[in-house]
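Trainee: I am new to this structure and would like to go through it slowly, with the reasoning spelled out at each step. Could we begin by looking at it together?

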Amino acid sequence: REMSNFDPVTPGRAFQAEWAKWQKQLREWRQSYDDWCQVIQQLQEWDEKGVHGQLASIDPNFDVFAVENIMDIGEGEPLSGNFE
């Protein structure tokens, strides 16, 4: 088989700018998720020690499409707070 010749494709400035924005947003989401996991871990430790704290419960009727802010669906919990 004969290989066809083509010019290498390099991302343009617009793509690089959008990619940088996406990477920044992704880092913020990951940090928020990590922060929430630390809150849950602290609540679990307090619960084991008998200190007052309440773990979030999952509402089976929760509408994810109605969420306005995925970083705070109530009481500071991110939408990804119960992901496993």
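Mentor: Let us start with a term: a salt bridge is a side-chain nitrogen of Lys or Arg within 4 Å of a carboxyl oxygen of Asp or Glu. Please keep in mind throughout that this is a predicted model.

Trainee: How many salt bridges does the structure hold?

Mentor: Side chains of opposite charge can pair when their charged atoms come close. One such pair is glutamate 18 with lysine 21, and another joins the side chains of lysine 24 and glutamate 28. For the structure, the number of salt bridges is 2.

Trainee: How far apart are the closest N and O atoms of glutamate 18 and lysine 21?

Mentor: Both glutamate 18 and lysine 21 lie in helix α1, where they are 3 residues apart, about one turn of the helix. Glutamate 18 counts as partly exposed at 47% relative accessibility, whereas lysine 21, at 51%, counts as exposed because the cut-off for that word is over 50%. In their salt bridge, the closest N and O atoms are apart by 2.9 Å.

Trainee: And what is the N to O distance between lysine 24 and glutamate 28?

Mentor: Lysine 24 and glutamate 28 are 4 residues apart in helix α1, so about one helical turn separates them. Lysine 24 is partly exposed with a relative accessible area of 47%, and glutamate 28 is partly exposed as well, with 40%. The N to O distance of this salt bridge is 3.9 Å.

Trainee: Turning to the rings, why is the pair of phenylalanine 15 and tryptophan 19 given the name it has?

Mentor: A pair of aromatic rings is described by the distance of the centres and the angle of the planes. The count of aromatic pairs comes to 2. In the pair of phenylalanine 15 and tryptophan 19, the ring centres are 6.2 Å apart and the planes stand at 15 degrees, and because planes under 30 degrees apart carry this name, the pair is stacked.

Trainee: What separates phenylalanine 15 and tryptophan 19 along helix α1?

Mentor: Tryptophan 19 has its place in helix α1, which covers residues 13-49, and is partly exposed with a relative accessible area of 45%. Phenylalanine 15 counts as partly exposed too, at 48% relative accessibility. Being 4 residues apart in helix α1, they are separated by about one helical turn.

Trainee: How are the rings of tryptophan 22 and tryptophan 29 arranged?

Mentor: Tryptophan 22 counts as partly exposed at 41% relative accessibility, and tryptophan 29 is partly exposed with a relative accessible area of 28%. Their rings lie 5.7 Å centre to centre, with 85 degrees between the planes. Since the cut-off is over 60 degrees, the arrangement is edge-to-face.

Trainee: Which residues form a nonpolar patch on the surface?

Mentor: The residues of such a patch need over 30% relative accessible area. The patch has about 360 Å² of accessible area together. Its members are Phe15, Trp19 and Trp22.

Trainee: Finally, for the protein as a whole, what share of the residues count as buried?

Mentor: The secondary structure comes to 1 helix and 0 strands, and the protein exposes about 7900 Å², of which carbon and sulfur atoms supply 52%. Among contacts with a separation of 6 or more, residues 24 or more positions apart account for 41%. Of the 84 residues of the protein, the share that counts as buried is 11%.

Conventions: Residues are numbered from 1 along each chain as its sequence is written. This is a predicted model: local features need pLDDT of at least 70, side-chain atom pairs count only at pLDDT 80 or more; totals for chains, interfaces and linings use all residues. Side-chain values use heavy atoms; hydrogens and water are left out. Patches are made of residues with over 30% relative accessible area and no salt bridge: like charges are joined within 9 Å, nonpolar side chains (Val, Leu, Ile, Met, Phe, Trp, Tyr) within 5 Å. Accessible areas come from the Shrake-Rupley method with a 1.4 Å probe; for residues, only the protein chains shown count as cover. Helices (H or I, at least four residues) and strands (E, at least two) are DSSP runs, numbered from the N terminus. Buried means under 20% relative accessible area, exposed over 50%, partly exposed in between (1.4 Å probe, protein chains only). Contact means heavy atoms within 4.5 Å. Rings of Phe, Tyr and Trp (its six-membered ring) pair if their centres lie within 6.5 Å; planes under 30 degrees apart count as stacked, over 60 as edge-to-face and the rest as tilted.
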